[in-house]
Amino acid sequence: MPGPPISVAATHNPLAPAVADIDRDGKLDILVANAESGSTTTPFGSVSVFTGKGDGTVAAEVNYPGATLSSNAVAVADVNGDGWPDAITVNGQTNLATTTGTITVYLNLGAAAPGTFGAATSFTTGAAGSVHLCTADFDGDGKIDVATTSVVTNQVSVLFGSGAGAFDAPVLMAITSTGGVQSTIGCRDLNGDGHPDLVVTSPSSARVSVLLNQGDGSFASPVSYSNAVNGQTAGIAFGDADGDGKLDILSNGAAGAYLFFFKGNGDGTFATGVQSATGAGAVTNSALGVVASDFNGDGKLDAYLLRSSTTGGVYPMTGSGNGTFTAGTLVTTGTAPGLNAIAAADMDGNGYVDLVLTNKGSGTLTVIPNSL
């Protein structure tokens, strides 16, 4: 059962969170990508830092501008090899269909000022409408690379890192009908060969697409898997939901109506998505919203997924251990247009995974403690 939500002001139009210990004090911090302006004439984005206090609460927002388009998501990785985690946002707007997206890198100042960032540097994604990203070492050279999605051109961009905080020109790959501003990308080794693969959701076409790494940072053509009710697929989470020792994919859909389970075969292939219903009515504005962990300590994978509605909230989804889930009562938090994105981490250091949520409608960042 989730505990009472703890909310703080997030005043820069928050869209998506990420969690990491950026100042290396042993306490987790929260970073948030912000859509500062959706304007076609003066667009810009930023990243905000909420320093964790180790008890589930955070310090007031510290904001870092620098992106020339709305920042839709943020990842944390050491992109220059100095041992300090840096921030990378992906920036793009669907109302600027001819304006190429970017990633923006904010380098951690490290020992001189732990957990603070210097001036931002941006690199093109090569595609308009860039909305989500993930980071990994795709080509095995020991340097962090970035992959992004575009919902305007239906493409994935891969940018290979130099190891010094810079990135090469993007390599573009077509994905059928990424569609929908909630198209997500995830990086994970799906076939056990030691190389990170890519998973992309396509909300408008109710599918996930898998791109297997060929071992050198190039990727095979995407293979798509639909879900059984043709419901939207938006967010991505990974875990072994049926206890067979193989990695599965979870995705939320229809704005909180369904949690989809794509059974993994261990070789990078997956079964058609099978739904567990929450009881909510299906609507079209799916949010980027699913996280997976053993939230109740019974040894089975559970999930939380977002509900996008007039009042946002999260559904606890208790795992049965066979790939099905039972929905709990909606935990409400935030106001219209509902929650935007969700992350999971142990924010209070009690050994249990908590929830972190952004809400653009109410201008808040919320931590929901796990009261297991």
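## A viewer tour, starting at Asn-154

Select Asn-154 to begin: at 26% relative accessibility this residue counts as partly exposed, because that class runs from 20% to 50%. Keep in mind as you click around that you are looking at a predicted model.

Stay on Asn-154 for a moment and check its backbone. Its phi is near 55°, a positive value in a residue that isn't glycine. Most residues other than glycine have a negative phi. To place Asn-154 in the chain, look at the loop that runs between strand S11 (145-150) and S12.

**Another positive phi: Arg-24**

Now jump to Arg-24. Here too phi is near 55°, positive in a non-glycine residue. Arg-24 sits in the loop between S2 and strand S3 (29-37). Is this residue buried, exposed or partly exposed? With a relative accessibility of 48%, Arg-24 counts as partly exposed.

**Down into strand S15**

Next, select residues 197-202, which make up strand S15. How many of the residues of S15 are buried? The count is 6 of the 6, so the strand is largely enclosed by the rest of the structure. Show the side chains and you can sort them by direction: Asp-197, Val-199 and Thr-201 point one way, while Leu-198, Val-200 and Ser-202 point the other way. Both sets are buried.

Then bring in what pairs with S15. S14 runs antiparallel to S15, and 4 bridges join the two. For a handle on that pairing, pick Arg-188, whose bridge partner in S15 is Asp-197. Strand S16 (residues 207-211) also pairs with S15 in the antiparallel sense, over 5 bridges. There, Ser-202 has Arg-207 in S16 as its bridge partner.

Follow the chain from S15 into S16 and you trace a hairpin with 4 residues between the strands. Pause in the turn at Ala-206, which has a positive phi of about 55°.

**The disulfide**

Select Cys-134 and Cys-187 and draw the bond. The structure holds 1 disulfide, and this pair forms it, with the sulfur atoms 1.8 Å apart. The link is right-handed, with 70° about the S-S bond. What does the pair tie together? Cys-134 lies in strand S10 and Cys-187 in strand S14, so the link connects parts that are 53 residues apart in sequence. Cys-134 and Cys-187 are both buried.

**The largest pocket**

Turn on a pocket surface. The largest pocket holds about 890 Å³ of space, and 30 residues line it. Which residues lie nearest its centre? Select Pro-17, His-132, Ile-185, Ile-236 and Ile-342. The strands that give two or more residues to this lining include S2 (14-20), S10 (130-136), S14 (185-188) and S27 (341-345). S6 (71-77), S18 (237-239) and S22 (290-293) belong to that group as well. Colour the lining by residue class and you get 23 nonpolar, 6 polar and 1 charged.

**The cavity and its aromatic pair**

Switch from pockets to cavities: the count comes to 1 of 30 Å³ or more. The largest cavity contains about 30 Å³ of space. Select Pro-2, Phe-295, Tyr-304, Val-353, Leu-355, Ile-368, Pro-369 and Asn-370 to show its lining. By class that makes 7 nonpolar and 1 polar, with no charged residues.

Now hide the rest of that lining but keep Phe-295 and Tyr-304. Phe-295 is buried, since its relative accessibility of 5% is under the 20% cut-off. Tyr-304 counts as buried too, with a relative accessible area of 7%.

**Aromatic pairs**

The rings make a good last stop. A pair of aromatic rings is described by the distance of the centres and the angle of the planes. How many aromatic pairs does the structure hold? There are 6.

Start with Phe-123 and Phe-167. Their ring centres are 5.8 Å apart and their planes stand at 70°, so the pair is edge-to-face. Phe-123 is in strand S9 (residues 117-128) and Phe-167 in the loop between strand S12 (155-159) and strand S13 (171-174), so the pair ties together parts 44 residues apart in sequence. Phe-123 and Phe-167 are both buried.

Finish back at the cavity lining, with Phe-295 and Tyr-304. These two form an edge-to-face aromatic pair, at 4.8 Å centre to centre and 85° between the planes.

Note on methods
Residues numbered from 1 in each chain as written. Predicted model: local features only at pLDDT ≥ 70, side-chain atom pairs only at ≥ 80, totals over all residues. Heavy atoms only, no water. 1 Å grid on protein atoms, 1.4 Å probe; cavity = no way out; pocket = protein on both sides within 12 Å on 5 of 7 lines; lining within 4 Å. Points joined across faces, edges and corners; volume = space filled by probe spheres on them. Nonpolar A, V, L, I, M, F, W, Y, C, P; charged D, E, K, R; others polar. Disulfide = S-S within 2.5 Å. Buried < 20%, exposed > 50% of the residue type's maximum accessible area, 1.4 Å probe, protein only. Pairing = 2+ DSSP bridges. Phe/Tyr/Trp six-rings, centres within 6.5 Å; stacked < 30°, edge-to-face > 60°.
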